[in-house]
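Visitor: I am new to this structure and would like a close look at one part of its surface, with enough of the surroundings to place it.

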Amino acid sequence: MDLKRLVFGNATLGNGAADLGVAILRIYTGATLALVHGSQKMPPSAQFVDGVAHLGFPLPFVFAWAASLAELLGGLLLALGLLTRPAAFFVAFTMGVAAFGQHAHDPFSVKELALAYFAVAVSFIFVGSGRYGLDAWIGSGKK
């Protein structure tokens with residue numbers, strides 16, 4: 001598999017309704033992650049950096065920025081369907097740390113949102129942007 005296909009390729013869903021459903025889920029998930037969560041973490045607060053340090057990450061300031069950017073830029077890229085698979089990977093990693101690290105001992109109701117974002121992001125790692133994302137346009141070679 002070549003790099004362009006890996007980054008910009010999409011799973012074939014077979015019909016317009018399925019592609020529209022994927023686009024709605026991708027746009028909603030990406031936009032809410034970026035605008036509701038990622039934008040609130042920019043720039044990372046001292047409390048957020050301390051939370052990252054408490055998880056045991058080296059260079060917590062750097063990893064706090066990485067997590068904040070994964071939510072903000074990763075969410076925006078998901079919404080656009082641009083670099084969907086790499087963006088989804090970073091979102092999934094960040095949400096996995098949130099769910100299984102930061103909220104590991106919390107009740108399910110506390111970690112549920114991070115797990116939902118994690119599950120959707122993992123799905124987009126496999127599916128890509130779908131027919132109605134910028135990746136499909138770039139991958140098709142149209143200009």
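Visitor: Which residues form a nonpolar patch on the surface, and about how much accessible area do they have together?

Guide: The model is a predicted one, in which local features need pLDDT of at least 70 and side-chain atom pairs count only at pLDDT 80 or more, while totals for chains, interfaces and linings use all residues. Residues are numbered from 1 along each chain as its sequence is written, and side-chain values use heavy atoms, with hydrogens and water left out.

The patch consists of Leu35, Val36, Leu69, Leu73 and Leu76, which together have about 420 Å² of accessible area (Shrake-Rupley method, 1.4 Å probe, with only the protein chains shown counting as cover for residues). To belong to such a patch, a residue needs over 30% relative accessible area and no salt bridge, and nonpolar side chains (Val, Leu, Ile, Met, Phe, Trp, Tyr) are joined within 5 Å, whereas in patches of like charges the limit is 9 Å. Helices H2 and H4 each supply at least two of the patch residues, and H4 gives the largest share, three residues. Val36, for instance, is found in helix H2, and with a relative accessible area of 47% it is partly exposed, because that term covers values between buried, under 20%, and exposed, over 50% (1.4 Å probe, protein chains only).

To place the patch, it helps to step back to the whole protein, which has seven helices and zero strands (DSSP runs numbered from the N terminus, with H or I for at least four residues as helices and E for at least two as strands). Buried residues make up 35% of its 143 residues, and the accessible surface comes to about 8200 Å², of which 71% belongs to carbon and sulfur atoms.

Of the two helices that share the patch, H2 covers residues 16-38 and H4 covers residues 60-80. H2 has 23 residues and reaches 31 Å from its first C-alpha to its last, close to the 33 Å expected at 1.5 Å a residue (the expected span being 1.5 Å times one less than the number of residues). Besides what it lends to the patch, H2 has buried residues, among them Asp19, Val22, Arg26, Gly30 and Leu33, and the buried residues of H2 pack against H4, H5 and H6.

H4 also has a buried residue in Leu78, which has 2% relative accessibility and therefore counts as buried. Although 51 residues separate Leu78 from Ile27 in sequence, their C-alpha atoms are 6.6 Å apart in space. Leaving aside neighbours within four places in sequence, Leu78 is in contact (heavy atoms within 4.5 Å) with Arg26, Gly30, Thr84, Ala88, Val91 and Phe124.

Two of those partners, Val91 and Phe124, lead into the interior, since together with Met95 they have the most contacts inside the largest nonpolar core, a set of 14 residues (buried Ala, Val, Leu, Ile, Met, Phe, Trp, Tyr and Cys joined through side-chain atoms within 4.5 Å). H2, H5 and H6 each supply at least two residues of this core, and its largest share, six residues, comes from H5. H5 spans residues 84-102, and its buried residues include Ala88, Val91 and Met95.

H4 also takes part in one of the two salt bridges (a side-chain nitrogen of Lys or Arg within 4 Å of a carboxyl oxygen of Asp or Glu). Here Lys41 forms a salt bridge with Glu71, the closest N and O atoms being 3.0 Å apart, and the pair links the loop between H2 and H3 to helix H4 across 30 residues of sequence. Lys41 counts as partly exposed, at 22% relative accessibility, whereas Glu71, at 6%, counts as buried. The other bridge joins the side chains of Arg131 and Asp19 at 3.1 Å, N to O, and links the loop between H6 and H7 to helix H2. In that pair Arg131 is partly exposed at 45%, while Asp19 is buried at 3%.

Taken together, H2 and H4 both contribute to the nonpolar patch on the surface, while the buried residues of H2 pack against H4 as well as H5 and H6.
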